[in-house]
Amino acid sequence: MRDKDGKRRHIIGMLVENKTGVLARIAGLIASKGYNIESLSVGETLDPTVSRMTLVVRGDDWVIEQAVKQLNRLIDVIKVSDLTDEDLVERELILIRVNAEPTFRAEVLRIADIFRAKVVDVTPMTYTLELTGDEDKLDAFVELLKPYGIQEVVRTGKVVMVRGSKAVTKRYQEKLKQAAGKEMIVVAQQEEGNGQDLLR
Amino acid sequence: MKLTGSEILLRCLVEEGATTVFGHPGGAILHTYDVLPEHPIRHILCRHEQAAAHAAEGYYKASGKVGTVMVTSGPGACNTITGLTDALMDSMAIVVFSGQVPTAVMGCDAFQEADVVGTTRACTKHNYVVMKTEDIPRIVKEAYYISRSGRPGPVLVDLPKDILMGKAEFKGYPQEVNIRGYKPTLNGHIGQIRKAADLIAQAKRPIIYGGGGIIHSDAHQELQELVEITKTPITLTLMGLGAFPTDHPLWLGMLGMHGTYTANMGMIHCDVMIAVGSRFDDRVTGKLSEFGKQCKIIHIDIDPTSIRKNVKVDVPIVGDVKHVLAQLNQELRKVERDWAKEFEEWHAEIEEWKRRHPLRYDQKDGAIKPQYAIETIIRATEDKDPIISTGVGQHQMWAAQYYRSRRPRRWLTSGGLGTMGYGFPAAMGAQAAFPKDLVLCIDGDGSFQMTMQELAACVQYNLPVKVFIINNRYLGMVRQWQELFYGKNYSEVDLAVHPDFVKLAEAYGATGFRVERPEEMKAVVEKVVSTPGPVVVDVVVDREENCFPMIPAGAAIRDIIDVGDPIPEKLFQGIR
Ligand SMILES: Cc1cc2nc3c(=O)[nH]c(=O)nc-3n(C[C@H](O)[C@H](O)[C@H](O)COP(=O)(O)OP(=O)(O)OC[C@H]3O[C@@H](n4cnc5c(N)ncnc54)[C@H](O)[C@@H]3O)c2cc1C
Ligand SMILES: Cc1ncc(C[n+]2csc(CCOP(=O)(O)OP(=O)(O)O)c2C)c(N)n1
Ligand SMILES: [Mg+2]
């Protein structure tokens with residue numbers, strides 16, 4: 001979905017060195033383009049020296065293409081790809097503390113049930129619910145609970161995985177096996193012919 | 001064998017061949033300086049760390065070997081930032097080693113602490129803080145490798161004091177590097193190269209727009225082959241000067257804001273533009289919306305981020321210029337075409353531009369015209385194959401316009417950042433790399449005063465740099481803009497007070513000359529060349545000469561103002 005000015009939300013997947021300062025480099029680069037990071041999630045991969053980072057930023061395609069190239073240029077970034085147009089499994093997690101007074105306690109539970117949310121904490125007047133899902137699902141959940149009075153919401157960044165066999169980490173590990181490092185990415189760049197890095 | 005971090009560092013430098021170091025000691029790096037004299041390393045004590053960084057840039061550009069800088073923590077490291085940024089903008093390979101407070105007090109506002117890694121993140125290609133003594137060899141190896149390979153650039157290594165003082169087993173300098181996130185592409189994609197060759201084979205009015213990348217990859221021979229095979233006229237950016245002989249009939253002169261009329265006309269009348277290791281800087285493209293609309297563009301660059309950054313290109317080729325041009329030439333040699341005949345019309349048109357719009361100035365009796373001074377310096381020393389550096393300003397542009405060369409790595413100037421004060425220390429660095437060569441600095445009176453303290457280092461280490469100060473007693477380039485765009489409101493550009501540069505040179509133990517009359521110019525240059533040791537020449541020139549041709553900032557190339565053209569009223573931005 002694009003804004004009037006042609007911008008849209010981009011999901012950028014990255015494999016990066018798991019060391020101090022890497023996040024600062026990435027954040028600094030995105031900030032220098034004048035873009036706000038909408039969400040960010042970082043976690044270790046099977047290889048503890050490598051982290052997987054998922055970044056959501058809004059911008060026009062051309063600027064994001066530049067940003068992706070520049071991210072790829074960072075020495076600590078092993079691999080980057082704009083995954084926006086890929087077929088993705090997308091998940092976020094939300095924790096939400098909602099009023100649950102006796103008069104509508106059951107209703108709140110019913111909504112939680114419909115969404116398959118878990119009750120993770122209970123007090124006489126509140127429920128704390130946990131839900132994972134894609135963004136739309138989480139948004140809908142929040143909307144439905146609003147009338148009861150939401151006390152606190154904590155939401156993670158997005159994590160994504162390309163559907164099928166094209167997943168970043170898996171492909172990357174194959175590459176590690178071939179001990180070719182970025183060699184393969186170079187091939188991908190060349191196939192594209194415009195020097196764009198591709199994780200696919 | 002257990003060694004201290006300092007010993008390991010210096011041994012690694014020796015192994016790396018980094019045996020010339022530009023630096024300035026201080027508390028956090030004292031431990032290293034303590035053992036420095038025991039190592040076969042020549043240290044040049046620069047009087048300011050900014051100058052040390054520029055010297056390292058000059059050393060790199062002239063020799064192709066990475067320049068090395070060593071400074072202390074806090075103020076020392078902070079003083080290198082201008083040099084680091086300059087090196088980043090112009091892709092200069094330098095490695096800066098900065099002392100740092102001990103790890104235990106990092107982040108505690110310790111004495112002379114600065115967050116150097118944080119501060120330099122945006123002005124280095126990469127930087128490190130070393131947290132274990134045993135990591136020093138690997139990090140030094142990586143630092144030099146990253147700095148020189150791919151698109152060259154500055155790397156900083158921050159060395160906390162306890163890491164330098166700590167001991168570790170030294171297992172030798174690593175032979176290899178393997179950085180999984182960094183593998184620059186060298187060869188171009190053959191499909192893309194064939195597309196480029198096809199485009200060139202169909203061209204009627206091609207032009208080569210070459211840049212600094214040709215020099216970094218030492219590809220001047222491949223470039224010359226490309227020109228010879230295809231008879232394609234060629235222009236170079238300010239950073240590319242030297243990559244092609246200036247006496248060749250297909251040489252058009254520098255392009256861009258102060259480039260020749262011919263080169264700029266070539267850019268807007270071509271049908272195929274071959275950009276080779278150049279990055280479509282705004283000083284070159286002028287108004288972007290009107291740039292390159294009439295032609296197909298081929299762009300060869302090792303850095304994917306340079307491609308499509310400012311200008312949409314038709315055939316991008318990611319790779320090292322030397323490799324890609326070799327591949328491209330191979331394809332083009334197969335093309336059956338009488339290139340010279342096909343381009344007869346195009347060449348004739350170019351000759352006409354050259355004939356009607358040469359670089360020119362009018363040296364009458366009286367004050368020395370700066371262009372005359374610069375042309376005389378360049379011509380009178382040409383047979384000595386000098387290395388020439390410049391400051392930033394009008395004198396820089398004239399030096400670029402009148403520059404004559406037959407080979408690369410003899411031209412040092414600050415292009416991307418345009419750092420006044422670059423010229424003199426860069427010349428000093430080049431002289432350190434080539435002690436026997438003639439090294440000239442064509443400087444501005446404003447620029448020279450930003451780093452002139454290095455006269456002391458030149459005298460101390462016998463680096464016989466010859467500085468010609470093109471002295472117009474103005475921040476001339478700024479004054480020119482004020483004249484043209486701000487109604488001659490000369491706000492704060494008059495350098496009304498100068499030291500006596502002749503006495504200044506003498507005070508440092510160097511030689512000083514002054515020249516005020518055009519007829520003396522040539523003799524003075526000859527005298528300077530035969531004078532041993534560093535020399536400063538105060539060349540007193542006509543104050544209000546302007547540099548043309550000029551494409552005003554933001555204007556399109558076709559709006560170029562040649563020498564003697566009236567200044568269009570619409571350019572005026574200020575209040576008259
Ligand atoms: C007062 C002033 C006026 C100026 N006026 C002009 C002017 O009139 N004309 C002009 O041209 N400039 C002018 N400049 C300089 C201008 O600002 C830019 O610095 C310059 O145009 C950039 O040159 P370049 O395109 O060759 O790029 P460089 O900065 O030299 O960059 C080199 C490019 O080559 C690539 N590269 C590096 N190594 C390799 C390799 N091995 N293989 C392939 N590619 C490689 C890099 O990725 C980069 O994209 C002026 C500067 C100042 C201060
Ligand atoms: C460090 C720095 N400060 C300011 C500028 C802006 N600037 C560009 S050219 C110039 C004037 C340079 O004067 P001078 O060295 O005397 O050279 P001239 O133009 O007179 O030949 C100035 C101030 C700059 N490029 N670098
Ligand atoms: Mg001046």
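**A ligand and a magnesium ion in chain B**

The largest share of the shell around ligand 2, four residues, is supplied by H20(B). Keep in mind that this is a predicted model.

Colleague: Which elements give two or more residues to the shell around ligand 2?

Modeller: Start with H20(B), which contributes four residues, the largest share. Three helices of chain B reach two or more residues, and H20 (445-451) is one of them. The full set is helix H18 (394-402), helix H20 (445-451) and helix H22 (476-485).

Colleague: Nice! How many residues of each class does the shell around ligand 2 have?

Modeller: There are 17 residues around the ligand, and Gln394(B), Gly418(B), Asp445(B), Ser447(B) and Gly476(B) come nearest. Glycine is counted as polar here. By class, the shell holds seven nonpolar, nine polar and one charged residues.

Colleague: What is the distance from a backbone N or O atom of Gly476(B) to an oxygen atom of ligand 2?

Modeller: Let's look at some polar contacts of the ligand, where the cut-off is 3.5 Å. The side chain of Asn472(B) has an N or O atom 3.0 Å from a ligand oxygen, and a polar backbone atom of Met477(B) is 2.8 Å from one. For the backbone of Gly476(B), the value is 2.7 Å.

Colleague: How much of the accessible area of ligand 2 does the protein cover?

Modeller: On its own, ligand 2 has 580 Å² of accessible area. With the protein around it, the covered part is 76%.

Colleague: Which residues are the protein donors of the magnesium ion (ligand 3)?

Modeller: Their spacing along the chain is D-x26-N-x1-Y. They lie 2.0 to 2.1 Å from the ion. The donors are Asp445(B) (OD), Asn472(B) (OD1) and Tyr474(B) (O).

Colleague: How many residues apart in sequence are the parts that Asp445(B) and Tyr474(B) tie together?

Modeller: Asp445(B) belongs to helix H20, while Tyr474(B) sits in the loop between strand E18 (466-471) and H22, so the pair links parts that are 29 residues apart.
What of their surroundings? Buried means under 20% relative accessible area, so Asp445(B) at 2% counts as buried. Tyr474(B) also counts as buried, at 7%.
The separation you asked for is 29 residues.

Colleague: Which strands stand at the edges of the open sheet in chain B?

Modeller: Six strands form this sheet, in the order E16-E15-E17-E18-E20-E19, with parallel pairing. Within the sheet, E17 (residues 439-444) and E18(B) pair over five bridges. Each edge strand has a single partner, so one of its sides lacks a neighbour in the sheet. The edge strands are E16 (411-412) and E19 (511-515).

Definitions and conventions:
Residues numbered from 1 in each chain as written. Chains lettered and ligands numbered in written order. Predicted model: local features only at pLDDT ≥ 70, side-chain atom pairs only at ≥ 80, totals over all residues. Heavy atoms only, no water. Near = heavy atom within 4 Å. Polar contact = N/O pair within 3.5 Å; in protein donor to acceptor, adjacent residues only side chain to side chain. Areas by Shrake-Rupley, 256 points an atom, 1.4 Å probe, with all protein chains shown as cover. Donors = N, O, S within 2.8 Å, 3.2 Å for Na, K, Ca; no water. Buried < 20%, exposed > 50% of the residue type's maximum accessible area, 1.4 Å probe, protein only. Pairing = 2+ DSSP bridges.
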